[in-house]
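Reader: Hi! I'm new to this one and would love a friendly walk through it. Could you show it to me?

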Amino acid sequence: MSEHTPKSGSVLTGDGFSDSGGTNVVVKIVDLVKNYYLGSVVVPALRGVSLEIKEGEFLAIMGASGSGKSTLLNLLGCLDRPTSGQYYLGGRDVSKLDDDELSEIRGRYIGFVFQSYNLIPQLTAEENMEVPLYYQGRITPESKKRVRELARLVGLEQWLHHKPTQLSGGQQQRVAIARALVNDPYIILADEPTGNLDTKTSYEIMKLIVQLNDMGKTIIMVTHEPDIAAYAKRIVMMRDGKILSDTINENRTIPRDEQEPLPVGQN
Ligand SMILES: Nc1ncnc2c1ncn2[C@@H]1O[C@H](COP(=O)(O)OP(=O)(O)OP(=O)(O)O)[C@@H](O)[C@H]1O
Ligand SMILES: [Mg+2]
């Protein structure tokens with residue numbers, strides 16, 4: 001994927017399509033099927049899912065427990081391979097790559113934000129942000145500068161030398177978001193990013209995620225909570241391993257500046 005040539009001069013440099021007009025298809029999945037095999041029992045987790053996501057979109061994926069949301073996110077994140085169907089990431093078919101190739105794609109082109117932050121407890125905030133670079137041997141004076149710029153972006157420049165246990169949940173999630181951005185990925189995948197946070201902190205994290213999207217990052221977020229999905233531009237509802245509906249969110253929640261959030265359910 002040598003065509004991924006981030007532009008310089010900005011912390012967030014777009015999704016790697018250097019001559020983009022802003023309408024590039026960054027994710028295309030076609031008839032994706034995923035079966036899990038439990039002994040002789042086949043569990044059909046995804047039963048033919050097709051989706052096209054353009055650069056700069058912000059999707060919320062919703063649906064009942066067991067509808068296939070995490071399975072879909074795992075496939076989009078190259079954490080697993082589909083049973084059948086195609087997945088094009090940045091134009092390249094990644095559905096049949098081997099484990100090493102998938103892990104390389106994951107490290108370079110996908111940013112992950114998890115409900116439980118998944119930080120390494122022994123490392124400082126700064127070192128956690130550098131983890132994706134570390135695995136690729138890409139920590140350089142230039143990357144150090146970028147990490148500090150990202151820390152400023154997520155509001156953590158004072159906390160770079162703290163360990164995760166010395167940070168609040170919201171601060172830990174900010175570290176995770178900076179870590180997800182460090183490679184300038186094609187897509188940011190977030191699985192219940194506010195699931196462990198209180199209402200006020202959830203609002204602050206959603207404000208940051210909206211800000212990243214406003215800066216051009218493509219975001220795909222799984223959530224159970226309608227109030228959190230309300231920040232997205234597009235809402236995909238899943239049921240029984242299929243897409244039930246895929247709609248533009250006409251009634252988007254826009255974070256307000258310098259204002260206390262309303263309690264969940266009233267914004
Ligand atoms: N590793 C696995 N082995 C076997 N079956 C699995 C596995 N992972 C998921 N499943 C099954 O696949 C289906 C979809 O699961 P998935 O985790 O994608 O749902 P989900 O929408 O993320 O649910 P939740 O909202 O509870 O997180 C379910 O029937 C689940 O039991
Ligand atoms: Mg899930």
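Author: Happy to, and we can go from the overall picture to the details.

Reader: Great. What kind of model is this, and what is the average pLDDT of the protein chain?

Author: This is a predicted model. The protein chain averages a pLDDT of 89, and 88% of the residues score at least 70.

Reader: And where does pLDDT stay under 50?

Author: Over residues 1-22. The model has 36 contacts beyond four places in sequence for that stretch. Where pLDDT is low, the predicted coordinates should not be read in detail.

Reader: Good to know. How many helices and strands does the protein chain have?

Author: Seven helices and ten strands. The protein chain has 267 residues, and 39% of them are buried. If you take the contacts with a separation of 6 or more, 68% come from residues 24 or more positions apart.

Reader: Let's do sheets. What is the strand order in the open sheet of four strands?

Author: The order is 2-1-4-5, with antiparallel pairing. Strand 2 and strand 5 (92-93) are the edge strands, and each of them pairs on one side only.

Reader: How many bridges are there between strand 1 and strand 2?

Author: Eleven: strand 1 (residues 25-38) and strand 2 (residues 41-54) are paired in the antiparallel sense. You can follow the pairing along the strands. V25 stands opposite K54, V27 has I53 as its bridge partner, and Y37 is matched with V42.

Reader: What happens at the turn in that hairpin?

Author: Two residues lie between the strands there, and G39 takes a positive phi near 60 degrees.

Reader: And how does strand 1 pair with strand 4?

Author: Strand 4 (residues 84-89) is antiparallel to strand 1, with five bridges between them. One pair to look for is I29 with Y87, its bridge partner in strand 4.

Reader: Now the open sheet of six strands: what is its order?

Author: That one goes 6-7-8-3-9-10, and its pairing is mixed. Strand 6 and strand 10 (242-248) are at the edges with a single partner strand each, so one side of each has no neighbour in the sheet. On average, neighbouring strands of this sheet are turned by 20 degrees against each other, direction ignored.

Reader: Do strand 3 and strand 9 run parallel or antiparallel?

Author: Parallel: strand 3 (residues 58-63) is joined to strand 9 (residues 234-239) by five bridges. Within strand 9, V236 is the residue opposite I61.

Reader: Switching to helices. What can you tell me about the span of helix 5?

Author: Helix 5 (residues 169-181) has 13 residues and reaches 19 Å from its first C-alpha to its last, close to the 18 Å expected at 1.5 Å a residue. Helix 5 lies across strand 6 and strand 7, and runs at about 170 degrees to strand 6.

Reader: How many residues of helix 5 are buried?

Author: Eleven of the 13, so to speak of this helix as mostly covered is fair. Among the buried ones are V175, A176, I177, A178 and L181, along with R174 and R179.

Reader: What covers them?

Author: The cover includes strand 6 (110-114) and strand 7 (187-191), together with helix 3 (125-134), helix 4 (141-153) and helix 6 (199-214).

Reader: There's a ligand too. Which residues are around ligand 1?

Author: Around ligand 1 you'll find Y36, L38, V43, A45, G63, S65, G66, S67, G68, K69, S70 and T71. Strand 1, strand 2 and helix 1 (69-76) each supply at least two residues of this shell.

Reader: Which element gives the most?

Author: Helix 1, with three residues.

Reader: Last one: is N251 buried or exposed, and why?

Author: N251 is exposed, because 6 other C-beta atoms lie within 10 Å of its own, and the cut-off for exposed is 12 or fewer. You'll find N251 in the segment after strand 10. Its C-alpha atom is separated by 8.9 Å from that of K233, a residue 18 residues apart from N251 along the chain.

Notes. Residues numbered from 1 in each chain as written. Chains lettered and ligands numbered in written order. Predicted model: local features only at pLDDT ≥ 70, side-chain atom pairs only at ≥ 80, totals over all residues. pLDDT = per-residue confidence, 0-100. Contact = placed C-beta atoms within 7 Å. Pairing = 2+ DSSP bridges. Expected span 1.5 Å × (residues − 1). Buried ≥ 20, exposed ≤ 12 C-beta atoms within 10 Å, placed from the backbone. Axes fitted to C-alpha atoms, helices over the stretch in contact; angles between N-to-C directions. Near = placed C-beta within 6 Å.
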